[in-house]
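Reader: Could you walk me through this structure slowly, since I am new to reading models like this one?
Author: Gladly; have a look at it first, and then we can go through some residues and helices.

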Amino acid sequence: SLLIDAVVLLFGVLTLWLLSVAVPRLGGQYTWISRIINPTLGYFVTLFVWLGYTTIFGLVMYLGASYVGMALTIQGHLTNSQALISMGKSLSSPAMSVTLAIIFIAIIMVIDMLGYTATRWATYLTFYIPLAILLIAIGALFATPPSIARLAWVKVFGSGAWSEVISLSDKAGWTPSKYLTFSLASTIAAVVPLMSSWSGVSHVGGWFVGEARVPKRSMFWGTIGAYIVAFILMLLALLSYRFSFGYEFVSRLNLVQSHFGIVNSIPLLGSVAMAYYLPPLAILIPYILVLFPIKDLFPNLVAQSRQLFGVAFDRLLPEKLTYVHPRFSSPIIAYLVTGIAIMLFAYLSSPIGIGAYATAGWYVISVSLLNLFTAFAAIVLPFVRPDIYEQAESPANKEIFGVPLISIIGAIS
């Protein structure tokens with residue numbers, strides 16, 4: 001599944017980089033679609049995408065907030081604290097998760113409004129700290145052979161916990177033929193959630209191109225470089241748990257995780273492995289469950305506000321959305337509108353709203369439209385806007401046997 005994603009997304013990432021080099025303008029995909037294809041099309045696609053991304057980040061923030069209770073539950077097992085386990089369960093209710101999500105969104109919105117420096121440092125801290133902890137968790141899994149992994153699981157969850165996972169999963173219908181043999185359908189199904197891990201690489205890069213000092217270099221690392229890093233990181237994560245706990249146990253745990261009040265994940269398995277060697281450090285690992293989803297909102301709130309700003313700048317939305325605070329140099333009204341929309345979708349994504357599948361469906365439709373018309377913009381750029389194409393930096397203006405490279409890549413993507 002990971003390899004399928006890598007092949008499929010490679011050409012999309014290359015398309016974004018080449019368009020960023022050819023048209024390094026604020027608004028990214030909105031500018032490309034509206035200037036190259038049609039302004040009206042750019043307007044409607046941008047509104048669809050803005051709604052799609054506010055929808056999915058409402059869901060992401062809801063899930064991140066719901067993981068607070070999960071992280072406390074895992075910490076409770078790690079420290080043998082029944083009080084933390086009880087607190088984790090109380091914070092896992094849909095109403096509490098929605099409340100926490102709205103609080104998190106409000107805090108992130110205020111930080112983003114304080115300007116570029118505040119957003120940059122908040123993004124760095126909430127990305128690199130959990131990334132370092134994740135690498136520690138992956139290292140702990142690679143350092144833990146299967147025999148030790150079983151002992152570590154029993155140490156954290158109690159005597160008989162490993163056997164309980166086996167027996168409960170058997171009752172839930174786990175069989176080797178169903179879960180351990182290759183299935184094309186299951187492989188294709190796994191492509192979708194894995195692909196979401198690259199969504200930031202494939203879209204945020206385009207929206208920020210107008211603010212890059214050296215677009216060609218910056219967007220290379222923001223698209224292709226990030227694509228490579230994401231692939232390596234996900235590959236290491238997938239291999240680490242298979243080495244330590246084994247695919248059979250992990251697949252069994254997927255069926256019965258709710259029984260233990262936990263989320264089967266790298267943070268869970270990594271913290272269990274680390275608990276065998278260094279318990280104090282293991283306590284930190286579960287909280288990347290919370291930080292990794294939430295940290296994405298810092299740059300994406302900026303990106304979505306830039307979409308509104310770009311459309312309003314063309315006077316297709318109220319001009320008040322282009323108001324920039326004189327002190328913080330940030331479009332605070334666009335931030336407010338986007339932040340409030342994400343809060344609304346955080347509520348709607350919960351079980352007390354319309355549910356995660358409904359909100360995620362709108363996101364899939366919007367991103368599909370964005371990918372389709374971004375690729376089409378790359379295909380037709382040399383023919384409908386030769387003035388832009390001929391003045392573009394290399395390699396955006398390169399040709400293969402007389403056919404523009406950007407058109408070839410766009411057609412494949």
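Author: R252 touches V165, I166, S169, D170 and W174, leaving out residues up to four places away in sequence, where a contact means heavy atoms within 4.5 Å. Please keep in mind that this is a predicted model, in which local features need pLDDT of at least 70 and side-chain atom pairs count only at pLDDT 80 or more, while totals for chains, interfaces and linings use all residues. Residues are numbered from 1 along each chain as its sequence is written, and side-chain values use heavy atoms, with hydrogens and water left out.

Reader: Which helix is R252 in, and is R252 buried or exposed?
Author: R252 belongs to helix α13, residues 247-260, where helices (H or I, at least four residues) and strands (E, at least two) are DSSP runs numbered from the N terminus. R252 counts as buried because its relative accessibility is 6%; buried means under 20% relative accessible area, exposed over 50%, and partly exposed in between, with a 1.4 Å probe and protein chains only.

Reader: OK, and how many helices and strands does the chain have?
Author: The chain comes to 21 helices and two strands, and 50% of its 413 residues count as buried.

Reader: What about its overall dimensions?
Author: The C-alpha trace spans about 70 × 50 × 35 Å along its principal axes. The radius of gyration of the chain is 23 Å, which agrees with the value near 22 Å for a compact globule of 413 residues; this radius is taken over C-alpha atoms, and the globule rule is 2.2 Å times the number of residues to the power 0.38.

Reader: Back to the helices, how many residues of α14 are buried?
Author: Ten of the twelve residues of α14 are buried, so this helix is largely enclosed by the rest of the structure. The buried ones include I266, P267, L268 and L269. The end C-alpha atoms of α14 (residues 266-277) are 17 Å apart, which agrees with the 16 Å that its twelve residues should span at 1.5 Å a residue; the expected span is 1.5 Å times one less than the number of residues.

Reader: And which residues of α2 are buried?
Author: In α2 the buried residues are Q29, Y30, T31, W32, I33, S34 and I36, which makes seven of the nine residues in this mostly covered helix, residues 29-37.

Reader: New topic: what does M113 touch?
Author: Not counting residues up to four places away in sequence, M113 touches F328, S330, I332, Y335 and L336. M113 lies in helix α5, residues 94-113, and is buried, with a relative accessible area of 15%. Between M113 and S329 there are 8.4 Å in space, C-alpha to C-alpha, although they are 216 residues apart in sequence.

Reader: Where does S330 sit, then?
Author: S330 is in the loop between α17 (297-313) and α18 (332-348), and S330 is buried at a relative accessible area of 2%. The contacts of S330 beyond four places in sequence are D112, M113, Y323, V324, H325 and Y335.

Reader: Last one: which residue is joined to P395 by a cis peptide bond?
Author: That residue is S394, and omega of the bond is about 10°. P395 is found in the loop between α20 (386-391) and β1 (399-400).
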